[in-house]
Amino acid sequence: MKCKEPDQQLKAPSKSRLKFAMSYSCGKDSTLALHKMLEKGHKPVCLVIMVNEAAGRSYFHGADNAMLQRYAQALKLPLITCPSNGADYQESLETGLMKAKSMGANAACFGDIDLAQNRQWEEARCKAVGLLPCFPLWQRKREDIVYESIRLGYKCIVKSIHQARLPLRLLGTPIDETALAAMRAAGIDICGENGEYHTLAVDGPVFHHPLPYQIGGTSSSGDYAFIEIY
């Protein structure tokens, strides 16, 4: 586990396991981050998920409210949704983290890899509510993260793509060697850290049962194309 060196008031108890809130996007990276925390013996308290208030879906990965409930059931973790109109994103996350703290969390986990600005922002949110920020994937090679997810048996479905960078045929397909070959041919970062694609994780070791889902139609908005997964 890689946790930021905490301020004195955020210091984790010596030789103890953390009780953490998982800031969960429903995608491959936050799922692997959850896996890594469990692997170290830390105890998850809840999922904290940011929700686009207007769309009624999770930010960036687009899971609707019914699917979010199925995530809570499949992961057997209480769900804290944080509705936001965008302008109040910071306040909404801090409110969610405060709720997690009231449930016993003393830390919050994030799936960030190497974008320092994102990490600093999340650290500030944790400091504001008195939680220890943890980043178990921090500074790992992006490609290694993708391959570890596959090796561990995670099934992550491509939910959206940048239409100018990836072929539409990837929508609704799992991240596997075939998908990765198409991504390499397109010349993108296969981890998708530059916004080339987003996924929904639907099965793997941290799931108590596979997440039930169906594939629907496709749509587009601006640079992005989406497939309905519900």
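In this predicted model, the buried residues of helix 2 pack against a varied set of partners: helix 1 (28–39), strand 2 (43–52), strand 3 (57–58), strand 4 (79–84), strand 8 and strand 10. Helix 2 itself covers residues 65–75. Its buried residues are Met-67, Leu-68, Arg-70, Tyr-71, Ala-72, Ala-74 and Leu-75. Just after the helix comes Lys-76, whose phi is positive, at about 55°.

One of the partners of helix 2, strand 3, is also where Ser-58 is found. Ser-58 has a relative accessible area of 5%, and because this falls under 20%, the residue counts as buried. Apart from its neighbours within four places in sequence, Ser-58 is in contact with Ser-25, Ile-49, Met-50, Val-51, Asn-52, Ala-63 and Leu-68. Leu-68, in this list of contacts, is also among the buried residues of helix 2.

Two further partners of helix 2, strand 8 and strand 10, lead to a sheet. Here 4 strands are arranged in the order 8-7-10-9, forming an open sheet with antiparallel pairing. Its edges are strand 8 (197–203) and strand 9 (215–221), each of which pairs on one side only. On average, neighbouring strands of this sheet are turned by 25° against each other, direction ignored.

At one side of the sheet, strand 9 pairs with strand 10 (residues 224–229) in the antiparallel sense, over 5 bridges. Within this part of the model, Ser-219 stands opposite Phe-226 of strand 10.

Note on methods
Residues are numbered from 1 along each chain as its sequence is written. This is a predicted model: local features need pLDDT of at least 70, side-chain atom pairs count only at pLDDT 80 or more; totals for chains, interfaces and linings use all residues. Side-chain values use heavy atoms; hydrogens and water are left out. Two strands pair if DSSP finds at least two bridges between them. Helices (H or I, at least four residues) and strands (E, at least two) are DSSP runs, numbered from the N terminus. Axes are lines fitted to C-alpha atoms, for helices over the stretch in contact, and angles run from 0 to 180 degrees between N-to-C directions. Buried means under 20% relative accessible area, exposed over 50%, partly exposed in between (1.4 Å probe, protein chains only). Contact means heavy atoms within 4.5 Å.
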